[in-house]
Amino acid sequence: MQTVADEKVRHVIYISKPMHFDHLVLENILTKSRAKNPVVGITGSLIYHADLFLQMLEGPHSAVHELYETILADNRHAEIVKLRDGTFNRRLFSSWAMKNDGHQSWMLSRGEIASMSSDEALQLFDRLARENDQFLN
Ligand SMILES: Cc1cc2nc3c(=O)[nH]c(=O)nc-3n(C[C@H](O)[C@H](O)[C@H](O)COP(=O)(O)O)c2cc1C
């Protein structure tokens, strides 16, 4: 998934609140993400808890825009707050169509995440990506 075009990778990070959280909802989202994201060059990570989704989308500028618009209209969650919208010279989750993380011992509360600065939100995913690299190596 890594190409020259990735020199300018757009990323969006947002937090939202699941309407009815259960594992079927999550499985459905992940199955859909893993089928569709590679087609449009999106990678990323989705953290879920009973009371939050926290997602990073990364990829080509317009693909990230379109997917974020689709996700905004999804009635399986509400109270969507964009924490960061920026560009970077590489992907954090280049080998993941959508990585899922459900059990983060370091996980902060919904309120703490919602009040993060955009740099803090990026650092959170950067840390997650590096832990993941260690796991893979
Ligand atoms: C928290 C959350 C994260 C999602 N992430 C993705 C994603 O990364 N990729 C994706 O294609 N759909 C994602 N979706 C689903 C989309 O909102 C939408 O339902 C789906 O793309 C529609 O696909 P379809 O038109 O093929 O049915 C997500 C939904 C939620 C609630």
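Trainee: Hi! By class, which residues make up the shell around the ligand?
Mentor: Six nonpolar, six polar and four charged residues. Here Ala, Val, Leu, Ile, Met, Phe, Trp, Tyr, Cys and Pro count as nonpolar, Asp, Glu, Lys and Arg as charged, and the others, Gly among them, as polar. This is a predicted model, where local features need pLDDT of at least 70, side-chain atom pairs count only at pLDDT 80 or more, and totals for chains, interfaces and linings use all residues. Residues are numbered from 1 along each chain as its sequence is written.

Trainee: Which ones are closest to the ligand?
Mentor: Ser33, Lys36, Phe53, Asp74 and Arg76, out of 16 that surround the ligand. A residue is near if its C-beta atom, placed from the backbone, lies within 6 Å.

Trainee: And which element gives the largest share of that shell?
Mentor: H1, with five residues. Helix H1 (23-40), strand E3 (52-59) and helix H2 (61-72) each supply at least two. Helices (H or I, at least four residues) and strands (E, at least two) are DSSP runs, numbered from the N terminus.

Trainee: New topic: in what order do the strands of the sheet run?
Mentor: E4-E1-E3-E2-E5, five strands in an open sheet with mixed pairing. Two strands pair if DSSP finds at least two bridges between them.

Trainee: Why is one side of E4 and of E5 left without a neighbour in the sheet?
Mentor: Strand E4 (77-88) and strand E5 (99-101) stand at the edges, so each has a single partner strand.

Trainee: How do E1 and E4 pair?
Mentor: Strand E1 (residues 9-18) runs antiparallel to E4, over nine bridges. Val9, for instance, has Phe88 in E4 as its bridge partner.
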